[in-house]
Each structure stands twice: as structure tokens, then as C-alpha cells.
Amino acid sequence: MFIKLFFLIIFFAVMVGVGLYARKHATNVNDFVLGGRSVGPWLTAFAYGTSYFSAVVFVGYAGQFGYKYGLASTWIGIGNALIGSLLAWVVLGRRTRIMTNHLSAATMPDYFGKRYNSNALRIAASAIAFVFLIPYTASVYNGLSRLFGMAFDIPYEVCVIVMAVLTCVYVILGGYMATAINDFIQGIIMLGGIVAVIAAVLNGRGGFMAAVRALSEFESDAAVTMGQQGAFTSFFGPDPLNLLGVVILTSLGTWGLPQMVHKFYAIKDEKSIQSGTIISTFFAVIVSGGCYFLGGFGRLFDTAAIHKADGSVIFDAIIPSMLSTLPDLLVGIVIVLVLSASMSTLSSLVLTSSSTLTLDFLKDNIIKKMTEKKQLLCMRILLVFFILCSVVLALFPPKSVAQFIAQLMGISWGALAGAFLAPFLYGLYWKGVTRAAVWASFACGIGVTVSNLFLSYIASPINAGAIAMVLGLVVVPVVSWLTPKMEEKEVNRIFECLEEQVVVDKKIALPKEKK
């Protein structure tokens, strides 16, 4: 217990210390929300990666999908690295930085309002972001608290409240720069921790080959494996179609999440984008790939502790049960690892939500003539309010909301990415997107996710989220072709920033050949 507490005290002290240090970088709205748009590649890449992967992935997703799909769940981590990180940086990074700077947009709803010249879209987007970031935050609390309960035997309620207070303190103090610096520290812990945990868990099962052999011989219900022999060690696992749905939601979903795309707003320059792409992808391969790879061995740790009285599996208990067999020193490392992942995600979520509600909903709509000082104060107050809402949801979840961490996150990601991904992506590249198409995407993303929550016409909330995203990518171009276009002059003004000439060295780009 002393070792675990020692790790925690050091971790908490560093987080608060960074918050105090970063106070000087949070004196105005631009600094508090975007770090002055001068954040370098390492901080940005680690901020992106640590916001991406939290206790939801490590405890919820890795446990549930590792148990369902075996080693094939590693494909989810590969998809996260290639689609959610590499392609996201290549496709969105540069254009997001250029266009949001040109439009002076500080948040995703602000981008929608200025890109499509519609204050109503900005207000609607801010409301959607605020409402649907709350269940995601609650799922992070849930995952971390289960691990704390295993390691310290501390009540779930105490874990949730302590983590909420700590997150609140350092984000209020230092804003985006505090989260970016802390994300970098937390990211290093995550990289080292996941490698150590995988090595220790496999070693406890006789090594990699012995663990794979045991998993291949695992007897299970024929309904799960569909009659396949060694299904849990096969290339695509026992259920490839549902596995694909998880890959789409967890990989493509990041392209439409406000707290993820926000990282591109703050990046410093071209070199930072190039370096950040490589660093972020490497981070995702190790952390996400490692988490799902570890979860793939979950069935080897099948005990009474992960089953309810009726025999059904408690998916959120699989990883904590697996880790409970480790020595105290490694459990301490795991606690700090998952705490790092969760704190970074939480800080990103609360900062995104409070800034969105202040700048896009209250400013100029509810409260006229907000000074910089009032905007900062309002963001800090709403930050506390957002944390309180998510804590209440984590402690007292409605019966109609799925209890598993993965499902709770799936609802949030499905609604947000289903609503935002298509109009954001198309809006960066295509002049022909119409306001009606954006409204249609909002309605489609929220409609599919929320209606399925109550009617359950799609069995899995995760697949419902994936379908909502893909549907948005179809709906936006179709509606855009059928509805009135924006004024050409107005659209050209928005896209003129992409036509500006930039002089670079020949080592960066080849010159055009003179005829």
C-alpha cells in the first residue's frame, strides 16, 4: 500500500505543480483555450494521443473486446494508429490549422458558425458538444474508479470525487498549456507502463507462446466462436463484422470529436505537423495496440470475480481482475498509467466543453459584450459545472443508459462524431457544402444514436455510433447537391487562405519545371 500511495502522491504533486507553472500561459482567452497557437510537435502529439486513450480504452474497451474477439482485438489498436492518428493528422492537421486561424475560430462550434456563416449552427453545435461530452467523461470516471477499487479497496464514490477535484484544479489554473505539458508527462508514463504490464502479465502465464497456446485451446460456447477451432487466436477472431464496427467507431470517430480536433487548432507550424504525425502514430501503436493485445488474453483470467450471479460477464472487471495478480510495484505503475491516461482525457474534455459553452453559446447570444476577463471567469465556472454534471452521471447513471464503460463511450462518440465528422471534414475540402447539409448531419448523428438508445433497433450502441458516422458521410454530399448553395463570394473568401503562397526550401518541395 505504501508503494501505491507513494506513486500517487508524486503524480498528484506533479500535476498541480504544472498547473501552477502554466498559470502565466493562461492570462487571456486565446492562451487559455489554444495555448497561443504556439504548441510544438511533441506536446501536441502527446496531447492528441493521451486525449485519445483513457481508462475507457484500457479498462472498458480492452477488457470487453479482448474477451469477445481474442487476439484479433489488436486490429482495433492498429486501426486507431493508422486511421485515428496517422490519417487524421495527414487529412485534417494542416487544413484545420490554416482555416481555423484564418476564420479566428477557437472551437469546433465556432468553426461551424464561421465556415457556414450561421450563428444558429454554432449554438446548436455547442449544445450538442456540451450534452454528449458528459457521458464520455462519466465513462472515464467509471473505468478509473474500478481500477482504484481493485488496488486500494476505496469506495467508487470517493475515487470519482477525488479525481474530479484534481482535474478541476490544474485545468482551472493553467488552461490548455497545463493540459499539454501534463499530457506529455502522462504520455511517457503510459508508453513505459503498458510495455511493463504486458511483459509481466504474459510472464505470469508462462510467456507469450504458452499464453497463445492456452488461448487457442480455450473451450467456449459454440454461439460465441461460431464453431471455429482456436477462434480467439485467429486472424479476424470469431466475429469480424462487429469487430469492424468497433474499429470504425474508435478510429474514424476521432475525426469528429471536438476535444481531438481542437489539438490541430493550437499547433505551431509545418514542422510541428510533420513531426507530430509520426510521434502521434507511434504513440497510438504502442498504447492502443498494447491495450487491445493485452485484453486479448482476458479469457485466461476468467474467474468468479468477473461474473454476475446470473453468470453473465462483467466486462469492466476483466482488466482489473487480470492486474490484481501482479506484484505491488507493478500495480502501482498500472495505477499511475491509467490515472495518466484518464486525467489527460478528462482535462481535454472539460476544457473543450467549458470553452465551447462560453465562446459559442453564452458570448454575444446570452451575455452581450463579454470582456476577456469575464470570458475566462465564465469558462472556469462552467468547467466546474461540467465536472459536477459528469460526476453526478457517474455516481447515479439513469437506468436507460448502458452501464458498461464501452457502451457509455459509444453513445457519446456516436452522437458527436455522427453529427460533426462529415460537415467538418467536407467543409475543409469542398466549397459546395450547404447549411442544410450540416443541419441534416446534426440531425442524423443525434437521431440515430439517441433513438437507438431507447428503441435498441441496432443491438450494439457501438455499431449504432459507427453507422451514424458513415451515414453522415453520405447524407452531407447528397443534401448539399439538393439544397441552395452558399454565396460564391462568401465561400471564396473562406477558402482564400489555402491559396496563399508560401516560400520553402527545395529540400522541402521541388520547384515547378520551367517550360
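In this predicted model, S104 is partly exposed, with a relative accessible area of 48%. The residue sits in the loop between α5 and α6 (108-115), just after the end of α5. Its backbone deserves a second look: phi is positive, at about 55°, although S104 is not a glycine.

A comparable case is found further along the chain, at N117. Phi of N117 is near 50°, again a positive value in a residue other than glycine. N117 belongs to the loop between α6 and α7 (119-152), and with a relative accessibility of 47% it counts as partly exposed, because values between 20% and 50% fall in that class.

Turning back to the helix that precedes S104, α5 covers residues 74-103 and is not straight throughout, as it bends by about 50° at W89. Helix α5 also packs with a partner. Two packed helices are described by the angle between their axes and the distance between the axes. For α5 and helix α13 (residues 270-295), the axes come within 7 Å and cross at roughly 165°. The two helices are therefore roughly antiparallel, since angles over 145 degrees are counted that way. The crossing of α5 and α13 is right-handed. As for what lines this contact, its residues divide into 10 nonpolar, 12 polar and two charged.

How values were computed. Residues are numbered from 1 along each chain as its sequence is written. This is a predicted model: local features need pLDDT of at least 70, side-chain atom pairs count only at pLDDT 80 or more; totals for chains, interfaces and linings use all residues. Side-chain values use heavy atoms; hydrogens and water are left out. Axes are lines fitted to C-alpha atoms, for helices over the stretch in contact, and angles run from 0 to 180 degrees between N-to-C directions. Helices (H or I, at least four residues) and strands (E, at least two) are DSSP runs, numbered from the N terminus. Angles under 35 degrees count as roughly parallel, over 145 as roughly antiparallel, 65 to 115 as roughly perpendicular and the rest as oblique. A crossing is left-handed if the near helix is turned anticlockwise from the far one by less than a right angle, and right-handed if clockwise. Ala, Val, Leu, Ile, Met, Phe, Trp, Tyr, Cys and Pro count as nonpolar, Asp, Glu, Lys and Arg as charged, and the others, Gly among them, as polar. The bend at a residue is the angle between axes fitted to the seven residues ending there and the seven starting there. Buried means under 20% relative accessible area, exposed over 50%, partly exposed in between (1.4 Å probe, protein chains only).
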